[in-house]
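Visitor: I would like to know how the labels on a structure like this are earned. Could you take me through the reasoning behind them?

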Amino acid sequence: MTAQDPFAAFKAVQKEAWSLFTPMEVSTTPTAAKLVNFAGVGAGLRVLDVGCGTGVVAVTAARRGAKVRGLDLSPVLVARAREHAELANLDIDFREGDAESLPYGDSEFDVVLSQFGHMFAPRPDVTIAEMLRVLKPGGAIAFSTWPPHLYVGRMFALIGRHLPPPEGVASPVSWGDPKIVTERLAGKVKDLSFEMDMMTPSALSPQHFRRTMEATIGPMIKLVAQHKDEPEKLKSLRAEFEALISEYFDGSSNVMRQQFLMTKAKKM
Ligand SMILES: C[S@@+](CC[C@H](N)C(=O)[O-])C[C@H]1O[C@@H](n2cnc3c(N)ncnc32)[C@H](O)[C@@H]1O
């Protein structure tokens, strides 16, 4: 890839932007177990976690006895993932890398997973081709993604309205639409199925949750940084964001209600 490659430039920004994600692992830990259960990960299976972040899915799978590898764009998060594996006495091969160009051989894995990870690679066709290339025929692919019409999907739409992505970069939340996912996997997989579930991050108020998002979610960090010298614009953007959060904030238990989609299928 050359320095002019718009996708390489986009990924260079993503790599930096996601480096502050670590505090969110508290919320992605319970959903990691849901994905690992949904995918049927068991002892001895060779598992890949794409966009592993701090390794919550990888560690969960390894604790079930799977032989696990994990890959992420962010070296900061990969370092954190290695710490988690060490703490739990697990031997997991974590490395820095790109979902669009996986550094593994054909058919190397029995299961390929991604929790809110592969959806952020810019080209869905390239990414899914790579994930299926490293999966053995008959192996399981499973991922969790955010539907476009629910909270996280609408947050990414808000970000996209104020900070449009470069041309050719697909919306990450298109991976949360079963119709689009079905089209993307058509002719490549069998036994395709979907399931909805819920993540419930805690917060004291919509304002607190907005602040957490601004400190941890790569694209949101970029958006706020972009408007740092425009206080009025930033104020109205924050008001818009807090109004959205308020629709999903449940003050009776101080949690956000964030529904997500799980997809699973077998490679043909
Ligand atoms: C929302 S976080 C999810 C992290 C982790 N899977 C979890 O559930 O906690 C998104 C992750 O995708 C990674 N990511 C974004 N684009 C990527 C790409 N092209 N290749 C690999 N990882 C990528 C980010 O670095 C980040 O760690």
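Guide: Gladly; we will set values against definitions, one label at a time. This is a predicted model, in which local features need pLDDT of at least 70, side-chain atom pairs count only at pLDDT 80 or more, and totals for chains, interfaces and linings use all residues. Residues are numbered from 1 along each chain as its sequence is written, and side-chain values use heavy atoms, with hydrogens and water left out.

Visitor: Why is the pair Glu 240 and Arg 161 called a salt bridge?

Guide: The term asks for a side-chain nitrogen of Lys or Arg within 4 Å of a carboxyl oxygen of Asp or Glu. Glu 240 and Arg 161 have an N to O distance of 2.8 Å, so the pair qualifies. Glu 240 sits in helix α10 (residues 231–248) and Arg 161 in helix α6 (residues 151–162), 79 residues apart. Helices here are DSSP runs of H or I with at least four residues, strands are runs of E with at least two, and both are numbered from the N terminus. The whole structure holds 22 salt bridges.

Visitor: What makes Arg 161 exposed?

Guide: Exposed means over 50% relative accessible area, buried under 20%, and partly exposed in between, using a 1.4 Å probe and protein chains only. Arg 161 has 55%, so the label is exposed. Its partner Glu 240, at 29%, is partly exposed.

Visitor: How do you know that Lys 266 and Asp 191 form a salt bridge?

Guide: Their N to O distance is 3.9 Å, which is within the 4 Å limit, so the pair counts. Lys 266 belongs to strand β9 (residues 258–267) and Asp 191 to strand β6 (residues 189–199), so this pair ties together parts 75 residues apart in sequence. Lys 266 is partly exposed at 36%, while Asp 191 is exposed at 52%.

Visitor: Are Glu 242 and Arg 210 buried or exposed?

Guide: Glu 242 has a relative accessible area of 16%, so it is buried. Arg 210 has 14%, so it is buried too. Glu 242 and Arg 210 form a salt bridge, with the closest N and O atoms 2.8 Å apart.

Visitor: Which residues are linked in a network of salt bridges?

Guide: Lys 11, Asp 98, Glu 100 and Arg 123 are linked in such a network.

Visitor: Why are α1 and α9 called roughly perpendicular?

Guide: The axes of α1 (residues 6–17) and α9 (residues 218–226) come within 8 Å and cross at roughly 95°. Axes are lines fitted to C-alpha atoms, for helices over the stretch in contact, and angles between N-to-C directions run from 0 to 180 degrees. Roughly perpendicular covers 65 to 115 degrees, with under 35 roughly parallel, over 145 roughly antiparallel and the rest oblique, so α1 and α9 fit the perpendicular class. Val 13, Gln 14 and Ala 17 of α1 meet Gly 218, Ile 221 and Lys 222 of α9, where contact means heavy atoms within 4.5 Å.

Visitor: What makes Ser 27 buried?

Guide: Ser 27 has 13% relative accessibility, under the 20% limit, so buried is the right word. Ser 27 lies in helix α2 (residues 25–39). Leaving aside neighbours within four places in sequence, Ser 27 is in contact with Met 199 and Pro 201.

Visitor: Why is Gly 40 called partly exposed?

Guide: Gly 40 has 48% relative accessibility, between the 20% and 50% limits, so it counts as partly exposed. Gly 40 is in the loop between α2 and β1 (46–50).
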